[in-house]
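Please load the coordinates in your viewer and keep the selection panel at hand. The tour proceeds by selections, each followed by a description of what is found there.

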Amino acid sequence: MLDSKTVYSGEEGVTIRELLDNNIRSIEHVVPKGTYEDNLDSWLGVSKSNGASINPLNFLPSHRTINSKRNQIVFDFDGDTVVSEALAEVDRMSRRFTGVDAQGQWVMPLMSRGDIARCVMYMELMYELKYVNEAEMRKLQEWMKEDAPSAYETAFGLWIRQTQPFGMNIQNPFVSNPELATDELFKKLLNSYLGKEEIVDPVIVIDSVVVDLAGREIITLRNTTMNTVDLGGWELRLATQTRNAPSQPRIDVYRIAGGLSGGVRGNLVIIRQNNFGQTTITLSDEDDKIVSEFQYSNAGIGVPSRL
């Protein structure tokens with residue numbers, strides 16, 4: 001673990017061992033405590049604020065000079081390059097570390113992007129800091145996927161669970177369960193944190209409607225999933241506004257049976273008299289939940305015009 005690179009190492013890769021040997025090691029608050037202490041004091045109380053300030057899962061080893069230079073500079077999330085490297089002495093030699101971009105934002109080294117991203121996401125979700133916005137959290141997800149938890153992160157997390165420093169029984173779930181960074185799980189986590197209602201893609205959709213030479217309406221359903229869907233108990237409801245009674249639509253309800261294989265289309269043939277006019281088709285599942293709607297205007301034989 002001592003041969004792991006420090007958080008803001010540049011291409012030269014200064015190790016934790018070098019910092020210890022030269023007595024220049026410092027603890028970097030990845031999310032600077034000055035950015036949240038006052039807010040947490042007033043919002044959650046001093047105890048919670050102190051807990052955030054000393055939470056070791058927000059700590060990463062750094063050169064003390066580089067720690068001071070980074071201070072509270074915000075991170076770059078645009079993938080910019082370093083225009084001004086930070087220099088610090090190691091073994092009586094000047095060594096290069098990462099630095100700031102043209103906008104004065106702190107550039108995360110490629111080698112530790114994932115480490116930093118997991119710290120930031122943990123602190124954001126744990127204390128609701130509002131340190132990063134939604135777009136930045138999605139960028140952190142990308143970095144977590146690209147840079148899996150390092151041996152240092154895993155060992156440090158295990159040490160925390162075993163020793164419980166400051167009486168804290170904690171762990172960073174993005175380290176212990178890196179699958180949380182996968183698209184499906186991260187989307188659910190992010191939507192829950194932001195209070196967003198998850199949008200569920202429809203399973204079965206009404207794809208098209210065609211009227212054949214006999215005047216039959218051929219309704220095509222499409223299964224958008226890769227699994228077979230049992231349509232037992234599903235209903236099609238056709239509401240047609242005719243010329244004779246435009247304010248009182250004609251309602252026809254049809255029960256569906258059977259199943260529809262994944263990724264395929266299936267046709268339902270409807271035979272109705274006097275089906276000319278504007279029609280709204282509603283597809284409901286066995287729980288009477290509307291899963292798809294389709295509107296069209298039928299003026300005769302052929303492909304009705306969709307509204």
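## First selection: a hairpin and its sheet

Begin with residues 204-211, strand β5, and residues 217-223, strand β6; the two run antiparallel and are joined by seven bridges. The model being viewed is a predicted one.

Within this pair, select V205 and look across to β6, where its bridge partner is R222. Next, move to the connection of the hairpin: five residues lie between β5 and β6, and G215 adopts a positive phi near 85°.

Keep R222 selected and turn to strand β11. There, the bridge partner of R222 is R265. R222 thus has a bridge partner in β11, R265, as well as one in β5, V205. The pairing of β6 with β11 is antiparallel and extends over six bridges.

Now display the three strands together. They form an open sheet in the order β5-β6-β11, with antiparallel pairing. Its edge strands are β5 and β11 (265-270), each of which pairs on one side only. From one strand to the next, the twist averages 25°.

## Second selection: strand β12 and its partners

Which residues of strand β12 should be selected, and how many of them are buried? Select residues 277-284: the strand is mostly covered, with six of its eight residues buried. Here, buried denotes a relative accessible area under 20%.

Add residues 235-241, strand β8, which runs antiparallel to β12 and is joined to it by seven bridges. For a specific pair, label L236 and L283; the latter lies in β12 and stands opposite L236.

Then add residues 290-298, strand β13. Eight bridges join β13 to β12, and these two strands also run antiparallel. Label S284 and I290 to see another pair: I290, in β13, stands opposite S284.

Follow the chain from β12 into β13. The two strands form a hairpin with five residues between them. In its turn, select D288, which has a positive phi of about 65°.

## Final selection: the whole chain

Clear the selections and display the entire protein chain, which contains nine helices and 14 strands. Of its 307 residues, 42% are buried.

Contacts may be displayed next. Among those between residues at least 6 apart in sequence, 63% join residues at least 24 apart.

Finally, switch to a surface representation. The accessible surface of the protein chain comes to about 16600 Å², and carbon and sulfur atoms account for 49% of it.

Note on methods. Residues are numbered from 1 along each chain as its sequence is written. This is a predicted model: local features need pLDDT of at least 70, side-chain atom pairs count only at pLDDT 80 or more; totals for chains, interfaces and linings use all residues. Side-chain values use heavy atoms; hydrogens and water are left out. Two strands pair if DSSP finds at least two bridges between them. Helices (H or I, at least four residues) and strands (E, at least two) are DSSP runs, numbered from the N terminus. Axes are lines fitted to C-alpha atoms, for helices over the stretch in contact, and angles run from 0 to 180 degrees between N-to-C directions. Buried means under 20% relative accessible area, exposed over 50%, partly exposed in between (1.4 Å probe, protein chains only). Contact means heavy atoms within 4.5 Å. Accessible areas come from the Shrake-Rupley method with a 1.4 Å probe; for residues, only the protein chains shown count as cover.
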